[in-house]
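Here is a brief report on salt bridges. It covers the pairs, their place in the chain and their exposure.

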Amino acid sequence: MKPSKLRETNAVELNKKLADLKRELLNLRFQNATGQLANPKQIDACKKDIARVMTILRELEIKAQD
């Protein structure tokens, strides 16, 4: 997921995307615990996507304060 693409979306969509990513991370963790996850690097990728979305949300928050 590209940060430039995230910057084009609004805060409501970003919050929805954040909730979806957190749900996906939970599912990936369950799959990893039960041994069903084929590629454990998916967990790291999901965490990085969550961080990207949270960063963009924070940028929007700071921009709104100015």
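## Salt bridges and their exposure

R7 is partly exposed, because its relative accessibility is 48%, between the 20% and 50% cut-offs. The model is predicted. R7 pairs with E59 in a salt bridge, with 3.2 Å between the closest N and O atoms. This contact links distant parts of the chain: R7 sits in helix α1 (residues 3-7) and E59 in helix α3 (residues 41-65), 52 residues apart. E59 is partly exposed too, at a relative accessible area of 32%.

The count of salt bridges is five. Three of the pairs are tabulated here.

| Pair | N to O distance | Placement |
|---|---|---|
| E59 and R7 | 3.2 Å | helix α3 and helix α1, 52 residues apart |
| K16 and D20 | 3.6 Å | helix α2, four residues apart |
| R58 and E61 | 2.7 Å | helix α3, three residues apart |

K16 and D20 both belong to helix α2 (residues 11-34), with a spacing of about one turn of the helix. Is K16 buried or exposed? K16 counts as exposed, at 54% relative accessibility. Its partner D20 is partly exposed, with a relative accessible area of 31%.

R58 and E61 lie about one turn apart in helix α3. R58 is partly exposed at 42% relative accessibility. E61 is partly exposed as well, with a relative accessible area of 43%.

Which residues are joined into one network by salt bridges that share partners? They are K16, D20 and R23.

Note on methods:
Residues are numbered from 1 along each chain as its sequence is written. This is a predicted model: local features need pLDDT of at least 70, side-chain atom pairs count only at pLDDT 80 or more; totals for chains, interfaces and linings use all residues. Side-chain values use heavy atoms; hydrogens and water are left out. A salt bridge is a side-chain nitrogen of Lys or Arg within 4 Å of a carboxyl oxygen of Asp or Glu. Helices (H or I, at least four residues) and strands (E, at least two) are DSSP runs, numbered from the N terminus. Buried means under 20% relative accessible area, exposed over 50%, partly exposed in between (1.4 Å probe, protein chains only).
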